[in-house]
Amino acid sequence: MGVVISIVSQKGGVGKTTTAVNLSAALAAAEKEVLLVDLDPQGNATSGLGIDKTKLKKSIYHGIIGDADPCEIITESSIECLKLLPARMELFRAELELMSRPDKEKRLLNFLAHLRGTYEYILVDAPPSLSLLTFNAITAADFLLIPLQCEFYALGAVSQMIQVVQVLKRRLNPRLRIAGILLTMFNPKEDSCLQIAESAREQFSNMLFKTIIPENSDLKNAPAHGEPVLLQDIRSPGSRCYFNLAEEILNLSH
Amino acid sequence: MKIANPEIIRKGEQEFIKAIASNLDWDVIKEIFRKEHNLELEEAVKYKDAKIKICDNRIAFSLDFDVKVRLSVQLDRDGNYISVESPGVVHKSSKGEDEHLEGEGLSDVDSEELEASAGNVERQIETEELLSDEYEKALEEIGSIDTN
């Protein structure tokens, strides 16, 4: 049975999509069958894998509202073992359309149910908000990965997120576990970064991944080329870090 | 190696299934619902979805419909559940004939079949209410995280 890992944070710009795309690519490079689910209406994970959104017939929106089967939506990527459920702006409409449905927070869980037999890892890139789409990402997940950008406000956002997760685990998804908190955009030359990392170790010590994602120009530039960083330079610091993170994920007990 | 356009096959299948759905004998289907599930359909039935599948080693057409069913939940003054009633609820009489129950006669029903059916309906209602409830409660709790 495949494992569903949702990458969540209500704060934007913390490295969710960068992590979703590059971790998916690193797991696929390790010959794991991986499905990346873009659940953010901005569709950045979709364009980050070089998919032209205008040429798609259907997207995750159609799947989540019940208008399409997965096989109609799943898109190939440039990595053999990595497939994508793409997203476009139309996904915004799903929030409104699902609101009256009794299973509104379980649409993604149900939609992914049959895919767990096909893919070893299903990664969900959630939107930067506490919305119905994010609750779907959390309800569908076995594990959560919470990025923590090395910035003061991000520390509070992670504390809030953990409280939200505790509520949702109790109310909606008892099997939910936090895979880990991932420090991102770390710059050892900045004192504030070092302080945030230290505070994170004090507050979340047992939840932090060993891997720390550095602030790195390769990671920033990769989306412009529509490729994960490891396809551009497999030896870059960004690539190495996501390989290390993939190793930690592969060692998760499930 | 594809030898035909899957989109054309899918569309053809859908049209085929819709043709079957539009020619169903609804009197017979309503009778099946009444006899097998003790349910009387109230209003128009809306076609929702269909699939071709294998059932008992035979090709079968699985048709989904949205239908409206009126159910009355019976409980006593202490709040204990007694039964669920549909307008078309039936039970086997001692002579083995089907008989409509009316009004207060329902409490006399002691058929295992009816209880099992009512139990399923009750569980379904409970599950749906629980889901909605838990979601609302989760939102309420999350909304008070910074205030408590």
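**Exercise 1.** State what area chain B exposes in this predicted model, and describe the make-up of the chain.

*Solution.* Begin with the surface: chain B exposes about 11300 Å², and carbon and sulfur atoms supply 48% of that area. Turn next to the interior, where buried residues account for 20% of the 148 residues in chain B. Then follow the chain from its N terminus, along which the elements run α-α-β-β-β-β-β-β-α, giving three helices and six strands. Finally, consider the contacts between residues at least 6 apart in sequence, of which 44% join residues at least 24 apart.

**Exercise 2.** Decide whether Lys16(A) is buried or exposed, and find its surroundings.

*Solution.* First locate Lys16(A) in helix 1 (residues 16-29) of chain A. Its relative accessibility is 6%, and because buried means under 20%, Lys16(A) counts as buried. Beyond its neighbours within four places in sequence, Lys16(A) is in contact with several residues, including Ile7(A), Asp125(A), Pro128(A) and Pro147(A). As for Val124(A), it lies 108 residues from Lys16(A) in sequence, with 9.6 Å between the two C-alpha atoms.

**Exercise 3.** Describe the interface of chain A and chain B, from its area to the elements that supply it.

*Solution.* Start with the area: the two chains bury about 1400 Å² between them, 63% of it on carbon and sulfur atoms. The contact takes 16 residues from chain A and twelve residues from chain B. Now look for charged pairs, for which the rule finds four salt bridges across the interface; Arg171(A), for instance, forms a salt bridge with Glu141(B), their closest N and O atoms being 2.8 Å apart. On the side of chain A that touches chain B, helix 7 (132-140) and helix 8 (152-171) each supply at least two residues, and the largest share, seven residues, comes from helix 8. Sorted by class, that side has eight nonpolar, two polar and six charged residues.

Notes:
Residues are numbered from 1 along each chain as its sequence is written. Chains are lettered from A and ligands numbered from 1 in the order in which they are written. This is a predicted model: local features need pLDDT of at least 70, side-chain atom pairs count only at pLDDT 80 or more; totals for chains, interfaces and linings use all residues. Side-chain values use heavy atoms; hydrogens and water are left out. Helices (H or I, at least four residues) and strands (E, at least two) are DSSP runs, numbered from the N terminus. Buried means under 20% relative accessible area, exposed over 50%, partly exposed in between (1.4 Å probe, protein chains only). Contact means heavy atoms within 4.5 Å. Accessible areas come from the Shrake-Rupley method with a 1.4 Å probe; for residues, only the protein chains shown count as cover. Buried area is the accessible area (1.4 Å probe) that two parts lose on being put together, summed over both. A salt bridge is a side-chain nitrogen of Lys or Arg within 4 Å of a carboxyl oxygen of Asp or Glu. Ala, Val, Leu, Ile, Met, Phe, Trp, Tyr, Cys and Pro count as nonpolar, Asp, Glu, Lys and Arg as charged, and the others, Gly among them, as polar.
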